[in-house]
Amino acid sequence: MNQLQSKLNIPSFSDVYSDYFSIGAAINQRTIKSSKQLLIRHFNSITAENEMKPENLQPDENKFSFEIADQFVAFAEEHHMKMRGHTLVWHNQTPDWMFKTQDGSVASRELLLNRMKTHISTVVGRYKGRIHSWDVVNEVIDDSEDLFLRKSNYLEIVGEDFIEKAFRFAHEADSKALLFYNDYNECHPQKCDKIYKLVKSLLEKQVPIHGIGMQGHWNLTSPTLDNIRAAIEKYASLGLQIQLTELDISVFDSTDGRTDLKEPTTEMIALQEERYEQLFSMIREYRDVISSVTFWGVADDYTWLDNFPVKGRKNWPLLFDVNQLPKKSFQKITSFR
Ligand code: GLA
């Protein structure tokens, strides 16, 4: 079989998973064009990799810039895909003006809350009914053992209740949108406990939150399948839905700093296939709680993991290769029926 035939003969990923969960990809201005055919054929959900972050949507106060985000939403609608919104409140990729007054001093709690409300109601309101799930708050749990919430401008200026306020503002703007708390290292037992604790406390306060986003930036060995399962079980015990929001499986573990590989080694390829197969076999068991699985990219020709966290290093974390052809991992996770 030549390459083109093998590309055409494979089943549609999202069709294979239609009884399980939506299959999504993060896109950007380049990949919406360069991976258009893959997106249309294999995915039924998209997320903007960067284009709906606060610094992109509101670079200056009250100067919103929706052009690219609008194009993505239109693309999703044209191709009958769902759209995930990412992200409203985050310590990163948020413009400095949010946290300052015009003369450069620190904004008051009231000013920051007003700005947060304006941002959320403008953005969520604009796409009301067109974005089915929003990552409302991203990454507020600290990675260390002794700290619960991460230090951030939001926490310092507003206090802990910035989190619940964000969810309430989002719910006011679109009462039907599903609202998510999203984080990484979400399967690390201690961090998982903290995420659970945070979300539980929100539920106890009747905060409108509907799900937990497990980012899923994983590698060939970490987190273990047992830790992933334990995290899913723990989050699901809150009665919320779960989405894998940013899945990719780096071929490098955290201690591997090699920069000389021109392609993944045979061992990496084999381990990645096995990992994807085991992971999908496990998450299929949880189709009642997992509603969507989004990859943080489409094909290995573009991934945010190129040059990150190690400069000058290519990575191959996705299911389609650098030529946009399906990898064996793809075949393994789509041939279970
Ligand atoms: C985090 C964010 C994403 C993205 C990735 C890196 O996971 O939630 O928006 O910035 O980091 O691409």
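This is a short tour of a predicted model, with a suggestion at each stop of what to select and what you will find there.

**Stop 1: strand β1 and Ser22**

Start by selecting residues 22–27, which form strand β1 and include Ser22. Is Ser22 buried or exposed? With a relative accessibility of 9%, Ser22 counts as buried. Now show what surrounds Ser22: beyond its neighbours within four places in sequence, Ser22 contacts Asn44, Ser45, Lys82, Ser291, Ser292 and Val293.

**Stop 2: Glu49**

Move on to the loop between β2 (45–48) and α5, where you will find Glu49. Glu49 is buried too, its relative accessible area being 6%. Try drawing a distance from the C-alpha atom of Glu49 to that of Ala26: the two residues are 23 apart along the chain, yet these atoms are separated by 5.1 Å. Ala26 is also one of the contacts of Glu49, once neighbours within four places in sequence are set aside; the others are Ile27, Asn28, His86, Trp296, Tyr302 and Trp304.

**Stop 3: helix α7**

Next, select α7, residues 109–126. At 1.5 Å a residue, its 18 residues should span 26 Å, and the end C-alpha atoms are 25 Å apart, which agrees. Colour the buried residues of α7: Leu112, Leu113, Arg115, Met116, His119, Ile120, Val123 and Val124. Why do they sit on the same side of α7? They cover an arc of only 160 degrees around the axis, so they share one side of the helix. As background, an α-helix has 3.6 residues a turn, so residues three or four places apart point the same way. To see what covers the buried residues of α7, add its partners, including α5 (54–57), β3, β4, α8 and α9.

**Stop 4: helix α9**

That last partner is worth a visit, so select residues 162–173 for α9. The expected span of its 12 residues, at 1.5 Å each, is 16 Å, and the end C-alpha atoms lie 17 Å apart, in agreement. Highlight Phe162, Ile163, Glu164, Ala166, Phe167, Phe169, Ala170 and Ala173, which are buried in α9. Around these buried residues, show β3 (82–89), α7, β4 (133–138), α8 (153–158), β5 (178–183) and α10 (189–204), against which they pack.

**Stop 5: two cysteines**

Now show the side chains of Cys187 and Cys192. The closest cysteine sulfur to that of Cys187 belongs to Cys192, at 7.0 Å, which is too far for a bond. Cys192 is likewise in no disulfide, and the structure holds zero disulfides. Cys187 is buried, with a relative accessible area of 3%, and Cys192 counts as buried at 5% relative accessibility.

**Stop 6: the empty spaces**

Finish with the spaces between the atoms. Rolling a probe the size of a water molecule over the atoms shows where empty space is left. The largest pocket has a volume of about 900 Å³. Which residues lie nearest the centre of the largest pocket? Select Tyr184, His217, Trp304, Leu305 and Phe308, which hold that place among the 38 lining residues. Then add β7 (217–219) and β8 (241–250), each of which supplies at least two residues of the lining.

For the last view, look for the one cavity of 30 Å³ or more. About 60 Å³ of space lies in the largest cavity. Its lining is made by Val89, Trp90, His91, Asn138, Glu139, Val140, Arg150, Ser152, Tyr154 and Phe162. You have already met Phe162 as one of the buried residues of α9.

Key: Residues are numbered from 1 along each chain as its sequence is written. This is a predicted model: local features need pLDDT of at least 70, side-chain atom pairs count only at pLDDT 80 or more; totals for chains, interfaces and linings use all residues. Side-chain values use heavy atoms; hydrogens and water are left out. Helices (H or I, at least four residues) and strands (E, at least two) are DSSP runs, numbered from the N terminus. Buried means under 20% relative accessible area, exposed over 50%, partly exposed in between (1.4 Å probe, protein chains only). Contact means heavy atoms within 4.5 Å. The expected span of a helix is 1.5 Å times one less than its number of residues. A disulfide is a pair of cysteine sulfur atoms within 2.5 Å. The arc is that of the directions from the helix axis to the C-beta atoms. On a 1 Å grid over the protein atoms alone, a cavity is a set of points where a 1.4 Å probe fits but cannot get out, and a pocket is an open set with protein on both sides within 12 Å along at least five of seven lines; lining residues have an atom within 4 Å of a point. Grid points are joined across faces, edges and corners, and a volume is the space filled by probe spheres set on the points.
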